[in-house]
Amino acid sequence: MDPKILQAKSELLRRMSVADFERLRPHLESVFLELRSPLEIEGQKIEAVYFLESGIASVVAKTAGTAESEVGIIGFEGMTGSALIMGDDLASFDCYIQSTSEAIRMSAAPFVEALEESPTLRPFLLRYVQYLHVQTSYTASINARHSLEVRLARWLLMCSDRTVGDRLMITHEFLSVMLGVRRPGVTVGLQTIESHGYIRARRGEITIRDRKGLVALARESYGPPELQYRRLVGDLGSKNPSRQDRPPS
């Protein structure tokens, strides 16, 4: 295994074949992404793909006016630019940074060229796209059926999965977008969860104190998409220090 792959913090870069990584490597550049940095804009051409190495990006749907609701979350387990993998070049949703991130950027043109030239790259990345489809579909179902506290517990667990350590640098504004509710509702929901001892909430920061308690609160709203990622790509959890070795070819 190429040591440069094992050093990568992006799970997709770590897990792709040596040949595919070498095909991409000349076009990869490290970037730092500030809060609210746009990665994709709905209806516009995708200019680049981003393999996140830290932080969180939100895939956001807009309704009438300026109302926003998060339909997908991307961390070091994934990438932007799913439409390119599917054969399209326009973004279906906005995607922007919700927690300052390190990422590996690649321009869209050489990425699409690599997809067309490699017999293995697109099939591998389509497994991630399938997982993201499961995640977004599950989010729609959960948002329609469960209480705010259950949905909030699920999103905290999802953010925790993509963060090394127990501290989440998350604003109430971020959570209101994730859940599609007003900020006062987020505040009340956090206070309720904190009263159980599962978290400690401070301005712009939430510390997970009892992950098992959060999992119990989230009930069936958390877990099935994560199992699909594990089946299709590999382990998702950031709590394993090694972040899992690349599975055997």
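# Salt bridges, loops and a buried helix face

At 51% relative accessibility, Arg167 counts as exposed, where exposed means over 50% relative accessible area, buried means under 20%, and partly exposed covers what lies in between (1.4 Å probe, protein chains only). The structure is a predicted model, in which local features need a pLDDT of at least 70 and side-chain atom pairs count only at pLDDT 80 or more, while totals for chains, interfaces and linings use all residues. Residues are numbered from 1 along each chain as its sequence is written, and side-chain values use heavy atoms, with hydrogens and water left out.

**The protein as a whole**

The protein contains 11 helices and 10 strands; helices (H or I, at least four residues) and strands (E, at least two) are DSSP runs, numbered from the N terminus. Its radius of gyration is 18 Å, close to the 18 Å that the globule rule gives for 249 residues, so the protein is as compact as a globular protein of that length. That radius is taken over C-alpha atoms, and the rule is 2.2 Å times the number of residues to the power 0.38. Along the principal axes, the C-alpha atoms fill a box of roughly 55 × 40 × 30 Å.

Of the 249 residues, 51% count as buried. The area that the protein exposes is about 11,500 Å², with carbon and sulfur atoms supplying 52% of it; such areas come from the Shrake-Rupley method with a 1.4 Å probe, and for residues only the protein chains shown count as cover. Among the contacts with a separation of 6 or more, 74% involve residues 24 or more positions apart, a contact being heavy atoms within 4.5 Å.

**Charges and salt bridges**

There are 31 positive and 31 negative charges in the protein, and their mean positions are 6 Å apart. Here Lys and Arg count as positive and Asp and Glu as negative, whereas His and the chain ends are not counted. A search of the whole structure finds 12 salt bridges, each being a side-chain nitrogen of Lys or Arg within 4 Å of a carboxyl oxygen of Asp or Glu.

In one of these, the side chains of Glu29 and Arg105 meet with a distance of 3.3 Å from N to O. Glu29 belongs to strand β1 (residues 29–33) and Arg105 to strand β7 (residues 101–107), so the pair ties together parts that are 76 residues apart in sequence.

Another salt bridge joins Glu205 and the exposed residue named at the start, Arg167, at 3.2 Å from N to O. Because Glu205 lies in strand β10 (residues 205–208) and Arg167 in strand β8 (residues 167–168), this pair ties together parts that are 38 residues apart in sequence. Glu205, at 17% relative accessibility, counts as buried, whereas Arg167 is exposed.

Arg230 also forms a salt bridge, with Asp235 as partner and 3.7 Å between the closest N and O atoms. Elsewhere, Glu11, Arg14 and Arg15 are linked in a network of salt bridges.

**Residues in loops**

Met16 sits in the loop between α2 (11–15) and α3 (18–24), and with a relative accessible area of 0% Met16 is buried. Although Met16 and Val233 are 217 residues apart along the chain, their C-alpha atoms are separated by 9.7 Å.

Two arginines have a positive phi although neither is a glycine: Arg36, at about 75°, and Arg219, with a value near 50°. Arg36 is found in the loop between β1 and β2 (38–40), while Arg219 is placed in the loop between α10 (211–218) and α11 (224–232).

Val181 lies in the loop between α8 (172–179) and α9 (183–195). Leaving aside neighbours within four places in sequence, Val181 is in contact with Leu148, Arg151, Ser176 and Val186. From C-alpha to C-alpha, Val181 and Met158 are 18 Å apart in space, with their places 23 residues apart in sequence.

The table lists partly exposed residues from the text.

| Residue | Relative accessibility and class |
|---|---|
| Glu29 | 38%, partly exposed |
| Arg36 | 39%, partly exposed |
| Val181 | 25%, partly exposed |
| Arg219 | 45%, partly exposed |
| Arg230 | 42%, partly exposed |

**The buried residues of helix α5**

In helix α5 (residues 108–117), the buried residues include Ala108, Pro110, Phe111, Ala114 and Leu115. What covers the buried residues of α5 includes α3, β3 (48–52), α4 (82–86), β7 and α6 (121–145).

How values were computed: The place of a charge is taken as NZ of Lys, CZ of Arg, CG of Asp or CD of Glu.
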